[in-house]
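Got your viewer open and a hand on the mouse? Let's take a walk through this chain together, one selection at a time.

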Amino acid sequence: MFTHTLLLILTIHAVALVSPGPDFAVVTRLSIVSGRRAGLWAAAGVASAIGVYALVSLLGLSLVLAALPGLSRALSIAGALYLMWLGIQCLRSKGHMPESGPAALGGRRAYVTGFFTNLLNPKAMLYFGSILSQAVTPDLGGAHLAVVWTLLVAESLLWFALVATLFSAPRMLQWLRTRLRWFDRAIGVVLLGLAAKVGSSGM
């Protein structure tokens, strides 16, 4: 029974991970602009925020959302503002590659960027508060919940680490060398679009 539940949870989470969104956009851009190390730190930041949501969800996030409906709205507004700021930064980018880019982020800043990109994404909160909390049954013990949490974080980290590794590969960087400014602008437009969507959902 637990194996079936675990596979269901991991499958749902895998689908959510590969769906394009702010996390993917930010990890991809940092991997290209600031190098693989920054991309991996951003991936770790995203996975850490997912760990926070997963933990709270396993402890009853859906109950918190039901009791505090304003929380979702406040997070939507904060998330929209943060995505807007990231989008503007992308639009202002000069298109520098890692070896010459003055905008390269250190590990700590990349981690924080990845962490807050996920933490301030209201879709992440609603996802964990609805889908995941429904998949986790009350009969699961503490050991089982620990396994679920660990695998969710590991799955998240592996996926975004793979994204960071692929988009910081030499061949990818070579292809992007003359296209990075336009790539940054495309990411910026995507983030601004996501900000508008998130903001409108919080009204």
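Here is a tour in a handful of stops, from the whole chain down to single side chains.

**Stop 1: the whole chain**

Keep in mind as you look around that this is a predicted model. Show the chain as a cartoon and colour by secondary structure: you should find ten helices and zero strands. Of the 203 residues, 47% count as buried. Now think about who touches whom: among contacts between residues at least 6 apart in sequence, 91% join residues at least 24 apart.

**Stop 2: helix α3**

Select residues 36–58, which make up helix α3. This helix has 23 residues and reaches 32 Å from its first C-alpha to its last, close to the 33 Å expected at 1.5 Å a residue. Then step just past the end of α3 and click on G60, which takes a positive phi of about 115°.

**Stop 3: the nonpolar core**

Which residues have the most contacts inside the largest nonpolar core? Select V27, Y53, F128, V148, L152 and F160 to see them; the core as a whole has 30 residues. Helices α1 (2–18), α2 (22–33), α3, α6, α7 (122–135) and α8 (142–167) each supply at least two residues of this core. The largest share, nine residues, comes from α3, the helix you just visited.

**Stop 4: aromatic rings**

Time for side chains as sticks. A pair of aromatic rings is described by the distance of the centres and the angle of the planes. This model has four aromatic pairs.

Start with F24 and F167, an edge-to-face pair at 6.0 Å centre to centre, with 90° between the planes. F24 lies in helix α2 and F167 in helix α8, so the pair ties together parts that are 143 residues apart in sequence. Are these two buried or exposed? F24 is partly exposed at 26% relative accessibility, while F167 counts as buried at 19%.

Next, select F115 and F116. Their ring centres are 5.4 Å apart and their planes sit at 90°, so this pair is edge-to-face. F115 counts as buried at 18% relative accessibility, whereas F116 is partly exposed at 34%. Add W41 and Y111 to your selection, and you have a cluster of four residues, W41, Y111, F115 and F116, linked by ring pairs.

**Stop 5: T117 in helix α6**

Now pick T117, which sits in helix α6 (residues 107–119). T117 counts as buried because its relative accessibility is 2%, and buried means under 20%. What does its side chain meet? A polar atom of the T117 side chain lies 2.6 Å from the backbone oxygen of T113. That spacing along the chain is worth a thought: an α-helix has 3.6 residues a turn, so residues three or four places apart point the same way.

**Stop 6: Q89 and R185**

Jump to Q89 in helix α5 (residues 69–91). Q89 is partly exposed, with a relative accessible area of 31%. Now select R185 as well: the two are 96 residues apart in sequence, but their C-alpha atoms are 9.3 Å apart in space.

**Stop 7: what the record says**

For the last stop, select residues 41–64, 71–88 and 146–170, which an unreviewed UniProt entry lists under "transmembrane region". Zoom in on residues 146–170: the end C-alpha atoms lie 38 Å apart, and the span is 92% helix and 0% strand.

Technical notes:
Residues numbered from 1 in each chain as written. Predicted model: local features only at pLDDT ≥ 70, side-chain atom pairs only at ≥ 80, totals over all residues. Heavy atoms only, no water. Helix = DSSP H or I, 4+ residues; strand = E, 2+ residues; numbered from the N terminus. Buried < 20%, exposed > 50% of the residue type's maximum accessible area, 1.4 Å probe, protein only. Polar contact = N/O pair within 3.5 Å; in protein donor to acceptor, adjacent residues only side chain to side chain. Expected span 1.5 Å × (residues − 1). Core = buried A, V, L, I, M, F, W, Y, C linked by side-chain atoms within 4.5 Å. Phe/Tyr/Trp six-rings, centres within 6.5 Å; stacked < 30°, edge-to-face > 60°. UniProt positions renumbered as here; feature names shortened; annotations may be inferred. Contact = heavy atoms within 4.5 Å.
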